[in-house]
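Notebook open, model loaded. I'm going through this one piece by piece and jotting down what I look up.

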Amino acid sequence: MEKHSNIGEMIGNSLFSLLANVDIRRGEELRTDAEALGKICVSPQARYLFVSDYTVAVDEKSPVFSPRFFTYSEVEQNGIFRETLGNANYLGSVDDLHYFSCDTTTIVRNLREKALLAGIEAKKLSDGGCRPKTRDRVLHPDTEIWGGLAWGSIRNLAPEWTPAEAGLAVEAVALNNMWRSARFCAECGAKIEVQNSGWNGACQRGHLLFPRTDLAVIMAITDDDDRLLLAHNGNWEQGRYSVVAGFVEAGETPEAAVRREVFEETQIRVGEVTYAGSQPWPFPKSLMLGYRGRVAQGASTRVIPDGVEITEAAFFSREEFMVALEERRVMVPGRSSIAYMLISDWAGEDLTRFISW
Ligand SMILES: [Zn+2]
């Protein structure tokens with residue numbers, strides 16, 4: 001039975017678009033216009049997002065811990081984080097507001113380190129009243145307070161945010177990750193200076209560097225009976241299963257990567273491969289390309305896990321899968337992941353009640 005009819009709706013309304021920056025006008029022309037951007041960044045239309053590793057400053061009074069956007073004067077008056085203004089990246093505009101991000105990672109890490117050294121644990125936000133009442137699932141509780149601000153995990157909280165909020169946060173994290181890991185020129189070793197409001201870097205000798213994205217493929221592979229191939233990674237907690245994924249190698253097409261990764265990890269030969277959708281995944285710097293694939297005609301469906309990365313793998317019918325979920329033998333990936341979208345699309349139903357990570 002064909003159950004893919006709702007994928008268009010899911011792409012339009014859910015996480016595919018949620019993390020795809022659909023509502024953000026990136027304003028490429030402003031990145032190089034120092035005069036115009038200089039006026040905008042101090043204007044009442046400017047908003048600043050503080051990013052530390054994979055967390056952003058969030059509004060602790062918001063039921064979904066929405067990202068907290070500060071005005072220029074609020075940042076300037078913040079004695080702890082003010083210094084990050086000088087290296088703010090320009091994210092673009094939504095409606096009539098212009099958004100910037102500040103890399104506060106070093107400051108927050110130092111605060112955490114100092115607190116740990118002093119033997120003080122981060123003050124956790126209490127559960128009461130701060131969790132969405134509209135869902136039976138509780139949000140991940142890893143929200144911490146540092147420097148007088150609440151910081152929340154993008155991966156765990158973004159599914160509850162608006163597409164623009166999630167998109168801005170993902171864009172900000174991607175830029176932070178880029179420049180935190182590209183401090184020196186790969187060609188000559190000189191220091192890299194970030195330019196154009198975060199959108200390129202250059203060394204003294206003029207070697208240019210642009211924010212980099214690593215392509216990864218993630219694929220829902222089904223057999224002739226429409227059973228889905230699910231795999232358990234040896235590093236994961238017991239019962240955690242997902243669809244197979246892997247990086248696209250140099251000089252390889254995504255379609256070839258789908259077939260290669262599935263064969264390497266499970267010894268299953270994939271024939272037809274079709275594109276399903278994509279998702280920025282800046283943890284640290286991937287773009288996930290989602291595919292659906294069918295077992296090659298006449299090929300064996302005997303699954304042999306590689307025993308290194310994948311320690312268990314099997315084809316599941318929908319009935320087997322739902323029973324395994326109900327009995328808690330199998331857990332599905334987090335709602336912010338394209339893996340979840342591919343699996344729930346195949347299952348033909350909302351699986352959020354079975355999410356554990
Ligand atoms: Zn160089």
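**Entry 1: helix α11.** I started with α11 and asked how covered it is. Nine of its ten residues are buried, so I'd call α11 mostly covered, by the cut-off of 20 or more other C-beta atoms within 10 Å. I pulled up the names: Ile 338, Ala 339, Tyr 340, Met 341, Leu 342, Ile 343, Ser 344, Asp 345 and Trp 346 are the buried ones. I noted that Ser 344 and Asp 345 are on that list along with the nonpolar residues. Just past the end of α11, I found Gly 348 with a positive phi of about 80 degrees.

**Entry 2: what kind of model.** A reminder to myself that this is a predicted model. I looked up the confidence: the mean pLDDT is 87, and 87% of the residues reach 70 or more. Two stretches I'm flagging. Residues 1–18 have pLDDT below 50, and I count 28 contacts for this stretch in the model beyond near neighbours in sequence. Residues 126–140 are also below 50, with 19 such contacts.

**Entry 3: the whole chain.** I tallied eleven helices and 16 strands in the protein. Of its 357 residues, 39% count as buried. I also checked contacts between residues at least 6 apart in sequence, and 64% of them join residues at least 24 apart.

**Entry 4: the cores.** Which residues have the most contacts inside the largest nonpolar core? I get Val 217, Ile 218, Met 219, Ile 221, Leu 229, Val 243 and Leu 342, in a core of 42 residues. The elements giving it two or more residues are β11 (214–222), β12 (228–233), β13 (244–247), α9 (254–266), β14 (270–281), β15 (286–295), β16 (310–316) and α11 (338–347). Back to my helix from Entry 1: α11 gives the most to this core, with seven residues. There is also a second, separate core of 38 residues, and it includes Val 64, Phe 81, Ala 88 and Ala 150.

General note to self: nonpolar side chains tend to be buried together in soluble globular proteins.

**Entry 5: around Ile 221.** I picked Ile 221 and set aside its neighbours within four places in sequence. What is Ile 221 in contact with? The list reads Leu 229, Val 244, Val 262, Ile 268, Val 270, Gly 293 and Val 295.

**Entry 6: strand β15.** I looked at burial here too, and β15 is mostly covered, with seven of its ten residues buried. Then the pairings. β11 and β15 run parallel and are joined by nine bridges, and along the way Ala 220 stands opposite Arg 292 in β15. β14 and β15 are also joined by nine bridges, but they run antiparallel. In β15, Ser 286 has Trp 281 opposite it. A hairpin of four residues makes the link from β14 to β15.

**Entry 7: a three-stranded sheet.** Which strands form the open sheet of three? They come in the order β8-β9-β10, with antiparallel pairing. The edge strands, each pairing on one side only, are β8 (193–195) and β10 (208–209). I zoomed in on β9 (residues 200–202), which is joined to β10 by two bridges. One partnership I wrote down: Gly 201 has Leu 209 in β10 as its bridge partner.

How values were computed. Residues numbered from 1 in each chain as written. Core = buried A, V, L, I, M, F, W, Y, C linked by C-beta atoms within 7 Å. Buried ≥ 20, exposed ≤ 12 C-beta atoms within 10 Å, placed from the backbone. Contact = placed C-beta atoms within 7 Å. Pairing = 2+ DSSP bridges. pLDDT = per-residue confidence, 0-100.
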